[in-house]
Amino acid sequence: MTQEFSLTEGKISTTLLRFALPFLLASFLQALYGAADLYVVGRFDTAAGVSTVAIGSQVMQTITGIILGISTGGTVLLGRCIGEANPRGAAKAVGTIASSFLLLAVILTPLMRIYCDCHGNASGSGRGSQSVYFYLFRRDSLYHWL
């Protein structure tokens, strides 16, 4: 049995909480992912490795926040077009969202690859661990998106 959920009727606080809770949960899970990385690296690597993972985790948290922001904005734009019964606007919104993510992927993928290649060969500074961290994140990200 499905319940209809309206963003235009009822109490604002309840509606806002139901809308925002998945995003808060996703952010919390991303933070737990970083904490688990820190715990494992702290048990088996040096202080430089822990520092590297902490910085890498913050970078990944920032990228995740940007992606969540774009997807939330796209959802609002798409919902507005659907609410206005504007299928042409909805199609344009979907195209814009897809183009935005494609552009983001085209920009970030080579930058992260170059960064990992440049910093993965440094010795003694923990940068090799950072390269491994970014590689593992990319691998895990592919798994989550498929």
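This is a short dialogue on how to read some features of the model shown above.

Me: What should I know about the model and its numbering before I begin?
Reply: This is a predicted model, in which local features need pLDDT of at least 70 and side-chain atom pairs count only at pLDDT 80 or more, while totals for chains, interfaces and linings use all residues. Residues are numbered from 1 along each chain as its sequence is written, and side-chain values use heavy atoms, with hydrogens and water left out.

Me: How many helices and strands does the chain have?
Reply: Helices (H or I, at least four residues) and strands (E, at least two) are DSSP runs, numbered from the N terminus. The chain here has four helices and zero strands, so that, read from the N terminus, its elements run α-α-α-α.

Me: How do I read the way α1 and α2 lie to each other, parallel or antiparallel?
Reply: One fits lines, called axes, to C-alpha atoms, for helices over the stretch in contact, and takes angles from 0 to 180 degrees between N-to-C directions. Angles under 35 degrees count as roughly parallel, over 145 as roughly antiparallel, 65 to 115 as roughly perpendicular and the rest as oblique. The axes of α1 (residues 12–44) and α2 (residues 47–83) come within 9 Å and cross at roughly 165 degrees, and therefore the two helices are roughly antiparallel to each other.

Me: Which residues make the nonpolar surface patch?
Reply: Patches are made of residues with over 30% relative accessible area and no salt bridge, where like charges are joined within 9 Å and nonpolar side chains (Val, Leu, Ile, Met, Phe, Trp, Tyr) within 5 Å; accessible areas come from the Shrake-Rupley method with a 1.4 Å probe, and for residues only the protein chains shown count as cover. In this model L25, F28, L29 and L32 make a nonpolar patch of about 400 Å². Among them, F28 is found in helix α1.

Me: Is there a rule for calling a residue such as F28 or A90 buried or exposed, and where does A90 lie?
Reply: Buried means under 20% relative accessible area, exposed over 50%, and partly exposed in between (1.4 Å probe, protein chains only). F28 counts as partly exposed because its relative accessibility is 49%, whereas A90, which lies in helix α3, is buried at 12%. Of the 146 residues of the chain, 21% count as buried.

Me: How many salt bridges does the count come to?
Reply: Side chains of opposite charge can pair when their charged atoms come close. A salt bridge is a side-chain nitrogen of Lys or Arg within 4 Å of a carboxyl oxygen of Asp or Glu, and the count comes to one. E84 forms this salt bridge with R80, their closest N and O atoms being 3.3 Å apart. E84 is partly exposed, with 46% relative accessibility, while R80 is exposed, with a relative accessible area of 56%.

Me: What is the phi of A85?
Reply: Most residues other than glycine have a negative phi. A85, although not a glycine, has a positive phi of about 55 degrees, and its place is in the loop between α2 and α3 (87–119). With a relative accessible area of 64%, A85 is exposed.
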